[in-house]
Amino acid sequence: MLSVEDNNMLTNTDPGTPMGELFRRYWIPALLSEELLKPDCPPIRVKLLGEELLAFRDTNGKVGLIDEYCPHRLVSLYFGRNEECGIRCVYHGWKFDVEGFCVDMPSEPPKSNFKDAVKIKSYPCEERGGIVWTYMGPPEHKPPLPEMEWAMVPESHRFVTKRSQVCNYFQALEGGIDPAHVSFLHRGDIGGIGFSEGSSKSEEYLKKDTAPVFECEETDFGVLIAAKRKIDKDQSYCRITQFLMPWYNFVPPFGDAPRGGHAFVPIDNENCYNYTFTWHATRPLTEEELEREKSGAGIHAKLIPGTSLTVQNKENDYMMDRELQASGRSYTGIIGVGIEDQAVQESGKRIIDRSKERLGSSDTAIIHTRRLLLNTCRALQNGKAPKAIQPESQRIRAVSLVVKDGDSIKEVAKDLMQVTEKDFIAP
Amino acid sequence: MLSVEDNNMLTNTDPGTPMGELFRRYWIPALLSEELLKPDCPPIRVKLLGEELLAFRDTNGKVGLIDEYCPHRLVSLYFGRNEECGIRCVYHGWKFDVEGFCVDMPSEPPKSNFKDAVKIKSYPCEERGGIVWTYMGPPEHKPPLPEMEWAMVPESHRFVTKRSQVCNYFQALEGGIDPAHVSFLHRGDIGGIGFSEGSSKSEEYLKKDTAPVFECEETDFGVLIAAKRKIDKDQSYCRITQFLMPWYNFVPPFGDAPRGGHAFVPIDNENCYNYTFTWHATRPLTEEELEREKSGAGIHAKLIPGTSLTVQNKENDYMMDRELQASGRSYTGIIGVGIEDQAVQESGKRIIDRSKERLGSSDTAIIHTRRLLLNTCRALQNGKAPKAIQPESQRIRAVSLVVKDGDSIKEVAKDLMQVTEKDFIAP
Amino acid sequence: MLSVEDNNMLTNTDPGTPMGELFRRYWIPALLSEELLKPDCPPIRVKLLGEELLAFRDTNGKVGLIDEYCPHRLVSLYFGRNEECGIRCVYHGWKFDVEGFCVDMPSEPPKSNFKDAVKIKSYPCEERGGIVWTYMGPPEHKPPLPEMEWAMVPESHRFVTKRSQVCNYFQALEGGIDPAHVSFLHRGDIGGIGFSEGSSKSEEYLKKDTAPVFECEETDFGVLIAAKRKIDKDQSYCRITQFLMPWYNFVPPFGDAPRGGHAFVPIDNENCYNYTFTWHATRPLTEEELEREKSGAGIHAKLIPGTSLTVQNKENDYMMDRELQASGRSYTGIIGVGIEDQAVQESGKRIIDRSKERLGSSDTAIIHTRRLLLNTCRALQNGKAPKAIQPESQRIRAVSLVVKDGDSIKEVAKDLMQVTEKDFIAP
């Protein structure tokens, strides 16, 4: 239920496109810090928003993100020598530092100053929360580094993975911010949400009322999404999640379990990275919690070692087990909450034609999110800065709680949603 | 020797194209009944005439053929739960019955009547002869179910397979209706037609005269194709085959061996299904006959288990054996009559440019068939119904017999071609 | 630093394009003689300059190069029977000889003369130097067969291989004629040029001065390329290589080692064949020299048996070893001079956009070569014959020598570059 034009605007993030320009106003997760383990280690190919780039960590430990192709004769710098504070093309020895300056050009006569005239495209990088962030927009608009809770807690409190998905970023994001699907897609005690310890109460609520009432509201961070499920005559189980500009979503924990979230970052228009965050605000993650996520039972997926490819994937129908599905112990027959999401997100066309869909009241959050992104795009074209650029608006938490009829969600959740030193234990 | 325009019309069967509309006036083989073995079994992805569909067998055993994508948010229903007379999308639980009605929408409030406004594309299905047939055309034009002989004999008398080919349906069909190639492509006692028991006489005839005289005639079923090969001064061995509208061909048996036939059904413009039928009019197939066909020695091909892909295929050059070819015991070095056909049909471009070919008198049947299809297409655009829509015109048999010079083929074959309770034993 | 238009002209060699027409004025390496080992052996698919062809050796040992597709119904002749002086289509038995005449058409009546009206596209072939050469241009312009030294020496003096590369021919050629990259890409004693016996002196020179001074000049054969590296106050080590029209390059030997050269022949615009020649002017190659080249340590690459695909390739990042690279014993971590070249040549886009590159003085040879090819193209459009069509201009050698400041390279090299009975031992 979008026009074809709006769908194009929403899904196309190549350089020079309206959405591409909007996204380039934010710090962007470019790769995991652990992918560049130590100084002068092998570089990594990175594609972001349609741009082919190369990331490397220099001798001083600083990360550079530059054009993959040497400006000289346009061969790949991937095969380059990462040494002495710069990456050196193996073809003719041209060398570039993390800022893109050509610092050596040994194929030219010593007196030549041609190297001073050559610069490679480079984007500034910073590290926080296990992520190498980059900023690909106009230098004069570069904001402070993000301060989302997951990125600010100690390393022991956090688990972050990156996987690639074979679909446009927005249909992955739509899955993330969609509170209604939880009652269906992830139902079951094998590989579904029921697998999580201490979630029995919440799961009971989720099963009981599959048609939640939604309250969505545009805020300074993006969209506040509240889904209320009746639990008795005058009370509801309320899950408050957020769409944080430009591509984040957060989900509330079950009980004292860790919190979760995602960033859906365009690789190009037909592929995206799904960064997945599991963290606890006030304590380290337990071995058991880490094992569960690494196994792919939770919102992370099991990866083919050394890659960002998932073991369960579109080629193998996510290793779906039809007998398990028929048994009812899993709604999908697919093991893993994160892979269940990926399966439906990737199962349509690479870029869904939203002029053909049929939205219901359960899609309220999605409608709000699209509208916000499209409006922000258009406003930026008229010079208006987008929201959630500044760290203060990013310090939010998803929560779930029991509310009474008549409660104002916004009022009830106001304090709980703020990141503080204490955490709120959900029902 | 077709214009580029006519070639396009002949080969393009997407929705809205002239040939696509013509084909949608016929019952179409959609899949094998055995692919949906029992009620509530896993659904099957089916692509037909460029449309991506999903087939499932409901709790009552009825087969449904619906759009692969849920109208809600356009994710694939392939991962859906097939239960209680409908398939249920795992994303939000929307459920559709075999007629395409949305029968449950648990993500919307109980009082909502949104589900009554949502219907998924669905095509009626019927089963006969081991095939699930579908009708994708205007409901008011839906004809009775086909009554070809192979579909009407008892199950014990019939063997049916389905395989996919990587070429446009029409070049596969051209191979099927081409009587001239039999003297070449399938020559040899290894893997060729000589492999069949009791065929020695016929094979001798086929080798002896490689330039048959053709008599083709447009009939009420399609095109009658007679190929006469001289066997002595005043007699000919005559093989009468048929092109039955819109994509069937039948071939006569050797002696008391089973009969054969094909349906070439477009998947999309660059792929087709080759349905292959082996049947005997008056007796069950023997173990030996079944084994031969399953092994790929005959007109069927050996399949990769659980798929419609052939073991011998374009990627592996059909496992051609050059030494066997050089020995002369096989004309091609490719084992299997059906795979020999597939090899040449797939060996050109995916869609052959018929404006560049050089047709001879041996292509008479092909020329007649193209003309009939193109004329029928144009007539349909002017409101004229196509032929062979009604069952009575489909009750035909291919035959081979010895004729005298001067015999009118049409007269001689008239009765033999009619399906009756008795069968005719070919020389 | 080419306009987009010039880049297109340079890289597009399809039939009817300016560069395609230019290249069709030369004898073209079509395949290795050894690929068609004996009379009536299996045919080989060959794609050249965008044309899909089939090569076969007939009963008399003569090689034919014809359209891959039978003109009758456009199926591939690859599956054909190569017998009795012609290749016979397995579909209907049409048979073509090496000159493209249809010599048998058994599917037509004996009295038919249709076969006389049918001819298949065919290009004349000759063999020399282990190569099957073809001429694809206007018959009236067919020149004498090439007489390059490598093609004229006895078989024992020569080693020739063919491999396919996944890039446009011109970026492979640019690598071949680029004297500057030798100081970088191939540096190192593992798998680099240092691996060659007796090359220590030259390698020392190459390392010492990485910014050679270039002297390039257009000649009757193409471009003479001289790269001078200072070795002391008033002397230089000078490597003289050639670009021989239309796609050859030659490199000088180290000491008495064999000479080397390449031909970069377009398969289509995104793929090319790299023919590599190793030969000695005056003696057979030694076992050791042959072993080294077959192993892929030198300018040839190790091939997947029975194919022209390299074991180290783009899919596996050329089996690059990052630790070896970091050790400095190899500049690239990729084993093999030839594969190092292939790696950089293939590492950019399939067709590099030369409007975006930044050329330096080290690219002088490349600039001259582009200019010559583009000018020759334009001149041919105005009816002017290209150069190096005649054998006398092809009898040239690459050399390296020590020159004094002030020496005229052209004068010094004049005699050394001529192919004579004696050879010159480089420093």
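**Exercise 1.** Classify C:Lys121 and its salt-bridge partner C:Glu51 as buried, partly exposed or exposed.

*Solution.* C:Lys121 has a relative accessible area of 34% and is therefore partly exposed. Buried means under 20% relative accessible area, exposed over 50%, and partly exposed in between (1.4 Å probe, protein chains only). C:Glu51, at 7% relative accessibility, counts as buried. The model is predicted: local features need pLDDT of at least 70, side-chain atom pairs count only at pLDDT 80 or more, and totals for chains, interfaces and linings use all residues. Side-chain values use heavy atoms, without hydrogens and water.

**Exercise 2.** Identify the salt bridges that C:Glu51 forms with C:Lys121 and C:Arg24, and state which parts of the chain each pair links.

*Solution.* A salt bridge is a side-chain nitrogen of Lys or Arg within 4 Å of a carboxyl oxygen of Asp or Glu. Step one: C:Glu51 and C:Lys121 meet at 2.7 Å, N to O. This pair joins strand β3 of chain C to the loop between β8 (102–104) and β9 (122–123), 70 residues apart. Strands (E, at least two residues) and helices (H or I, at least four) are DSSP runs, numbered from the N terminus. Step two: C:Arg24 and C:Glu51 also form a salt bridge, at 2.7 Å, N to O. Here the loop between α2 (18–23) and β1 (27–32) is linked to strand β3 (residues 51–57), 27 residues apart. Both C:Arg24 and C:Glu51 are buried.

**Exercise 3.** Describe the salt bridge of B:Arg88 and the burial of this residue.

*Solution.* B:Arg88 pairs with B:Glu83, the closest N and O atoms being 3.1 Å apart. With a relative accessible area of 11%, B:Arg88 is buried.

Conventions
Residues are numbered from 1 along each chain as its sequence is written. Chains are lettered from A and ligands numbered from 1 in the order in which they are written.
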